[in-house]
Structure formats: C-alpha cells, structure tokens
Amino acid sequence: MVKLSVVVVSYNVSYFLEQALLSVRRAAEKLGAPVEVFVVDNNSADHSVAMVRARFPEVILIENKHNPGFAKANNQALRRATGEYQLLLNPDTVVGEDTFRACCDFMDAHPAGGGLGVHMLDGQGHFLPESKRGLPTPAVALCKMLGLSRLMPNSRIFGRYHLGYLDKNQTHEVDVLSGAFMLLRRTALAQVGLLDEDYFMYGEDIDLSYRLTLGGWKNYYFPGARIIHYKGESTRRTSVNYVLVFYRAMVIFARKHFAPGPAGLVSLLINTAIWLRAGAAIFERLARRAAPVLLDAGLVYGGMFLLKAYWETHNKYPPGPYPPRFLRVAVPGYIAVWLASAYLSGGYGRPGRVGALARGILVGTILISAVSNFLDAWRFSKALIVLGGAWALVALVGRQLATHFIKYHNLHLGEPRPKNIAIVGSAAESQRVCQLLEAAAVPARVVGYVAVGPQAASVPVPPLPGRSPAHAPAEALGELRQLPDLVRLYALDELIFCGRDLPASQIIGLMLALPATPPVAYKILPEASAYIIGSSRKDAPGNYYALHSALNLHQPGPARAKRLLDVLSAATLLLLGPLLVWFQTDQQGFVHNAVAVLLGRATWVGLRHTPGPAQARPAVLSPADAAGGPLGASAKRHLELLYAKNYAPGQDVGILWYCWRRLGQAVGPPAEK
C-alpha cells in the first residue's frame, strides 16, 4: 500500500519546481515506504512539463490546457491518489530528507490527527508565522485587517490569526494549516471532502482545515519537521491582485461557514478592507516608483527658482521680472522634458549611470531650445535653459549619489560593491557554481569555498582581490564548523549551498544556526541543476541566478526600449487597423494582440520556444518566424538565443515587417506536442 501521496501544483515556476522535486525524491527514499508523486501543471509557459518529463520520470504528470486554479488542480490529483497520507506541497518549497518520515510517524502516533503542518522557514531561514494559524472569525479577521495582529503578534487577543502566543518550537493543536505544506489523512479527507473549488487561490486551506475540525479531526502544528518556503512565487503579497484574491477568499469563507448576520458583517468589513488595502497597495507602488522622480523634479524646480531670481537681478535685459507663467508653466514643462529624456536614455536604471543622465539632459535641453524658437510667447532666455539643464544634471547625479551612498556606503555611482560570496560544497560543485555565476554575469566576488568533507583546509586562505567568478577558488576557506567565523572574517554577503553535497536538512540547520548579524543571504544550487535559487526576504518572491540574466534582452535599457517600441507599434497598428486587418490571417486575433501588447500583457517579438524568466511577457512572434522556412525545435531555440543575446530594437522592427500578416496568431509558446 502506498504510504504517502505528494501533490504539487505548478504554474510557471520551473526552476523552483525542479528543486522541490529533487528534495521530494530524497525525502521519499528516506521514508522507506512506497510514495507516489503527482505534478499538476496549470498550463505553464516556461517548459515546466518538459523539465518534469526529462528529470523526474517517476512523477505522475497531469497537464492542464488552462489554469483552473489551485483547488481544482489539487483535486485532480487527490482523486487519483492512493496514499494513506496525502500531502499538498507548494512548488517553491524544499523539504528535508527526514520530513516525510517524521510527519508520517507523528500521524501514525496520533490517530485523531486529520491534518498536519510543519515549521516553515523563508529563504533566509526566518520562521514564517503562517506555519500555524487561527480560524478567521469576525473578530480575528477584523484584527488582521486593521493591522492589530501585526502590531501585537504575541497577544492572545489580537494575535490569534498567526497564533503568535504559541511557542513555535512546541507541538500544538491549531485551527488552520497552510496549503504550502498540508499533510492530510486519507480517511479524514474522504469524510469531509476535497478542496472547495469555489476558491481560485487562497482560502481553500482555511476552508478544508475548518471542515476537518467540524468533522471531529484534529489539526496539528508539528515543529519536528522543517521546510523552506520561498513565498510569493504565484502572487506578490504587496500587489493589488493579491489583496483582491486573498480577501475575496475570506468573504467566501465567511458566507459559507458563519451565520447570516456575522457573515454579512464580515463581508462588509472585508469588502471595505479590500478597497482600502487595494488603494494602499496602488499608492505604495506608485509612491515607490514616483518618489525619485518627484524628488528630482523638486530639486530642479528649486534650482530654477534661484537661477531665475539671480538672472533677473544681474543679467536680464531689459531688467525686470519674468512673467508668472515662466515658473508656473514653462519651468514645469522644462522639467518634464528633462526627466523624460533622462528616463528614456536609461538614467533611471539600476545601477545609475552618469553618462546616460548627461545624454538625456543634453537631448532634453536641445529639444527645449528648439521648440522655444517656434513659440514667441514662451521664448524667455536661452541662457536659463542651458543653465537649467546643467543644474538638472547636477541635481539628478547628486540625488543618485546620495541614494547610492546611503545604500552602499560609497560614492561609486553605477558600481555597487560586488557581493562577497562563499560556496559551501565540494571543489567540483564550487567550480560549477563559479561557471554559472560567470554565465549569468552576476556582479560578485567568490572569495572561496567551505569544504564539507576531509578536503577542508585547516587554516583559512585570505581572499584574492579582484578574483572573478569565472575562476574556482583554489583552496577551501575552512571547515564547515567554522562557518560562523568565516562569515565575519571574510565579510560574506551570500552563501551558496551545493545541494549535491549537502542534504536539505543540513542546509536548513546551517541557516538556523548562523547568527543574525552580520546578515548573510542564502542560495542553493540543486543537484545537476543550472539555477541557483534563493530569496532575499520573506515577502519577496524567490529569485535565481540563471543564464537569461546575462542576455541583453533582459537588461534594463534594452527592456525599456523594447517596451517603448511595443507601445508605439501597437498604437500605430490599432490606428491602421481598419486597413491592415483585412490582410491578416487571423483578423480577430490581430485586434486582441494589439490591445494585449499595448496594455503590457504581451510583446510582439519574444521567446516562444526557449524557457525564459517566469515574469516574461508571452510573445506573438518568434525570431524563428522570420527564418523563411520550417525549422526544428533546436534550430528555433538557437535563433531565439542569438536574438536574446544580441537584442536591439531594430531586430523587432525587421521581424514585424517580415511577419506583418501574422500579427493575429495566438500569443505565447506553442502547445507542447
């Protein structure tokens, strides 16, 4: 009989799914009993299906041709699962080798247990409070929405949403389990039913946990097993979409399980919270993006005000003040042109570039001078325009220098201090890490590796200045037991653990054992993988070092130029649509695609046959479409790689010109055969 069925629902997280399945494979081997693993793919566009087929032939793969949501996808596998215990596991997790055995042993010893959750850590080894949760009653939901649970997380009154008053290192009965790791007894699931498919994402774990308790079963929080959960892959927690989906799920729960009166009150409160939180999310995002621009505009305006006063007093002929419209209209117009030119030239990219700022301000100054020549009523002083441009450059560079100094404690604008990285693993895997870092163009300095076997050096070797990630460390820095001292001694910013040499449980233990200061980031290179995976903080999505990081297509400057070209071409094509649509092979798709590109939901030209970052926009055309003949899959991928590596906007123009009759074809990668 199958002891455990593992169900993983995946959507555009190929690199994280690979690491999760590798950890599942090791944990299944350690369990010592039959295990079946299901992966349900919700129509991913990042070649997750191909990866699973190639690397994990033992996995039972279910391919959906659309995204039916988390609950429905899990139920698809649960209906086929035969295990005594059935585990719902997120794809952005890493389980320890002893996790399955410890959890199954605990459930065997507690026959009243219907569900079990574990001690979850984020990518930096910090405890995730959602590992244990209380039932979102009206009072608990209100405390969460008002932020009281965050202000007083350990309060028995206000901290019930995450049960912060319960010791995270002790086993407890809890109300709600997390869907990231939710171990269920098959007999309990058969009694209370599967996940409620009214929930698209979020809320279904709360609903099922509550139904288990109503059915007489107990839910346990079990800290005897620890996992890593790289939160936020499906939906950014600060996004408007997250707010809408999460709080609407709470409305569904309230209407289903509470009496009409309380349910109506909760619905009213939650709907109010949705709009407040959505508005706050929008405001926060806009404020974060607009703050540097607004600050620059204020600095430039202040300088122009002083320049105007000085020029009126000492140099203006005939003497006298400029009309009020100069400061009210003309100067704001100048500032808008200068800042727009600086943005389009890449001056607001990361890291900041003085050359790009200077180029943008120069172009803006020339444009302002040229336009003012044709507007007699708005022709004031060429000298003020030139001086204003010079001041704008000084102000923008000065502001970026100050921001850079606050963050990096140096004045090397455009050149943040490279991260000091140490690799924890064997010499062979360390060499592979260095090659991957070089291929991904990661701005970092590998100071050495910490050997995990008898090859460890007895005395640390000083780091070599300027060592490139292309070169493997010649010697080990020290032994694994010296890791806390090595972090301080070499001022390490990041540790990369080699999954081939270290079991996941040991990696988790090291993350927990290292002191919080100095802070150090963690990443993992899974066995035989080409992606180094980690997460910078608990509410940030997981990230990784991969080859596409080095491609020109994904650099900030070309990406901005590509987006600008998409917007202009889509708007032009829509204007010419009444004429062009008659020549399209798919007339309805032409309009749909043009609107999608204009709104940023798609791009005209991109990677349709090659895996790219999960957040990349789906493409209407591929560089292979302009090849002029049938091509094999490898040839298409080769053409796309060359396109991405040497990307320039002119390539898109040429492909659009050649394939203009095919602009209505289906967006995204072709269906897998």
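This is a short tour of some helices, salt bridges and loops in the structure above.

The model is a predicted one, where local features need pLDDT of at least 70, side-chain atom pairs count only at pLDDT 80 or more, and totals for chains, interfaces and linings use all residues. Residues are numbered from 1 along each chain as its sequence is written, and side-chain values use heavy atoms, with hydrogens and water left out.

**Two helices that pack**

Let's start with helix 12, which runs over residues 354-372. Helices here are DSSP runs of H or I with at least four residues, strands are E runs of at least two, and both are numbered from the N terminus. Helix 12 has 19 residues and reaches 27 Å from its first C-alpha to its last, close to the expected 27 Å; the expected span is 1.5 Å times one less than the number of residues. Its buried residues include Leu 357, Gly 360, Ile 361, Gly 364, Thr 365 and Ile 368. Buried means under 20% relative accessible area, exposed means over 50%, and partly exposed is in between (1.4 Å probe, protein chains only).

Those six also turn up on the helix 12 side of a contact with helix 11, together with Leu 367. From helix 11 come Tyr 334, Val 337, Trp 338, Ser 341 and Ala 342, where contact means heavy atoms within 4.5 Å. Helix 11 (residues 325-344) packs against helix 12 at an angle of about 140°, with the axes 7 Å apart. Axes are lines fitted to C-alpha atoms, for helices over the stretch in contact, and angles run from 0 to 180 degrees between N-to-C directions. That angle makes helix 11 oblique to helix 12; under 35 degrees counts as roughly parallel, over 145 as roughly antiparallel, 65 to 115 as roughly perpendicular, and the rest as oblique.

**Salt bridges**

Side chains of opposite charge can pair when their charged atoms come close. A search of the whole structure finds 24 salt bridges, each a side-chain nitrogen of Lys or Arg within 4 Å of a carboxyl oxygen of Asp or Glu. Here are three of them.

| Acid | Base | Closest N and O atoms |
|---|---|---|
| Glu 63 | Arg 53 | 2.3 Å |
| Asp 205 | Arg 133 | 2.8 Å |
| Glu 312 | Lys 308 | 2.9 Å |

Asp 205 sits in helix 8 (residues 204-214) and Arg 133 in the loop between strand 6 (113-121) and helix 5 (138-145), so their pairing ties together parts that are 72 residues apart in sequence. Asp 205 is buried, at 10% relative accessible area, and Arg 133 is buried too, at 7%.

Glu 63 and Arg 53 make another link, this time between strand 3 (residues 60-64) and helix 2 (residues 48-55). Glu 63 is partly exposed at 30%, and so is Arg 53 at 42%.

Glu 312 and Lys 308 both belong to helix 10 (residues 260-314), four residues apart, about one turn of the helix. Glu 312 counts as buried at 16%, as does Lys 308 at 13%.

**A few loop residues**

The loop that holds Arg 133 is also the place of Thr 137. Thr 137 is partly exposed, at 27%, and its C-alpha is 9.7 Å from that of Phe 253, 116 residues away along the chain.

Where else is there something to look at? Asn 12 has a positive phi, near 60°, in a residue other than glycine. Asn 12 lies in the loop between strand 1 (4-10) and helix 1 (14-31), and is buried at 14%. Ala 528 also has a phi near 60°, in the loop between strand 14 (521-525) and strand 15 (532-534), but Ala 528 is exposed, at 55%.
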